[in-house]
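Open the model in your viewer and follow the stops below in order. Each stop says what to select and what is there.

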Amino acid sequence: MKNIKNVLFSTLIVMLYFSWIILIQFNFNSDVSLKTNCTSLFLISVLFLCLFVLLFHKQLRNDCLQFFKEKYFQKVIMYFVFIISIFLIMTGILQMFGLSYYNNLSIIFKSFPGLILFNILVFTPVVEEIVFRGAFRKAISQKKLFIITSGVIYGLLHAIILTQSFNALLMIIPFIALGLILSYIYVKYENLVVNIFVSFLFNISFLMILVI
């Protein structure tokens, strides 16, 4: 019974996440002014962020206390350095073959700087770790299956959203690697705050690449 409840709860979380994606895509494609578009997109993201945090508030509170008690800061830095190194090596190799998603993101960033800053630095580190690590883990108790499932779906989704051509879908490789490592970290520590901080640091580096 408990496992069924976890699966249903996880399904709800995933459905909410895809609802956010659909709403964001709908607003991007709407024929309203840029200012109105930015405002509505920001409010949608804030609303969903609050909703996800509310649904996971107990675990987030407990994980936060454990994070500071166990002094996981060094672990966060270690995994961040490892992840960013692997990601940059993989994307660098793919760029040698003319494959990149940076140009598309740079254009979006110039159009919606405030919104992109909020989503990259606040929304995605928190919400994506809740969805792909917290929710998936509740539904999948087997560790290896969880790592593979969460990592692959995470990579697929990011590659599809961030790329605009079929050839660029090869960018799925570094994103799956990123997802697998983040899922492994969650299995190792069972602490969402660790994952959130690692994702946050990765996203800061990601943002610096876009700006530069």
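**Stop 1: helix H8**

Select residues 172–189, which form helix H8. At 1.5 Å a residue, the 18 residues should span 26 Å, and the end C-alpha atoms are 26 Å apart, so expectation and model agree. The model is predicted. Now show the surroundings of H8: 14 of its 18 residues are buried, so the helix is largely enclosed by the rest of the structure.

Step just past the end of H8 to Glu190, where phi is positive, at about 50°.

**Stop 2: from Glu190 to Arg137**

Keep Glu190 selected and add Arg137. The two form a salt bridge, with the closest N and O atoms 3.2 Å apart. This pair links distant parts of the chain: Arg137 belongs to helix H6, while Glu190 sits in the loop between H8 and helix H9 (192–211), 53 residues apart.

Are the two partners buried or exposed? Arg137 has 13% relative accessibility and therefore counts as buried, the cut-off being under 20%. Glu190, at 33%, counts as partly exposed.

**Stop 3: along helix H6**

Select residues 113–139 to show helix H6. Within it, pick Arg133 and Glu129, whose side chains meet in a salt bridge at 2.9 Å, N to O. The two residues are four apart in H6, so about one helical turn separates them. Both Arg133 and Glu129 are buried.

How many salt bridges does the structure hold? There are two, and both have now been visited: Arg133 with Glu129, and Arg137 with Glu190.

**Stop 4: Ser10**

Go to helix H1, residues 2–28, and select Ser10. Its relative accessibility is 5%, so Ser10 counts as buried. Which residues does Ser10 touch, leaving aside those up to four places away in sequence? They are Ala135, Lys138 and Ala139. For Ala135, show the backbone: its oxygen lies 2.5 Å from a polar atom of the Ser10 side chain.

**Stop 5: the whole chain**

Clear the selection and colour by secondary structure. The chain has nine helices and zero strands. Of its 212 residues, 46% count as buried.

Next, display contacts between residues at least 6 apart in sequence: 77% of these join residues at least 24 apart. Finally, turn on the accessible surface, which comes to about 11500 Å² for the chain, with 73% belonging to carbon and sulfur atoms.

Definitions and conventions:
Residues numbered from 1 in each chain as written. Predicted model: local features only at pLDDT ≥ 70, side-chain atom pairs only at ≥ 80, totals over all residues. Heavy atoms only, no water. Expected span 1.5 Å × (residues − 1). Buried < 20%, exposed > 50% of the residue type's maximum accessible area, 1.4 Å probe, protein only. Salt bridge = Lys/Arg side-chain N within 4 Å of Asp/Glu carboxyl O. Polar contact = N/O pair within 3.5 Å; in protein donor to acceptor, adjacent residues only side chain to side chain. Contact = heavy atoms within 4.5 Å. Areas by Shrake-Rupley, 256 points an atom, 1.4 Å probe, with all protein chains shown as cover.
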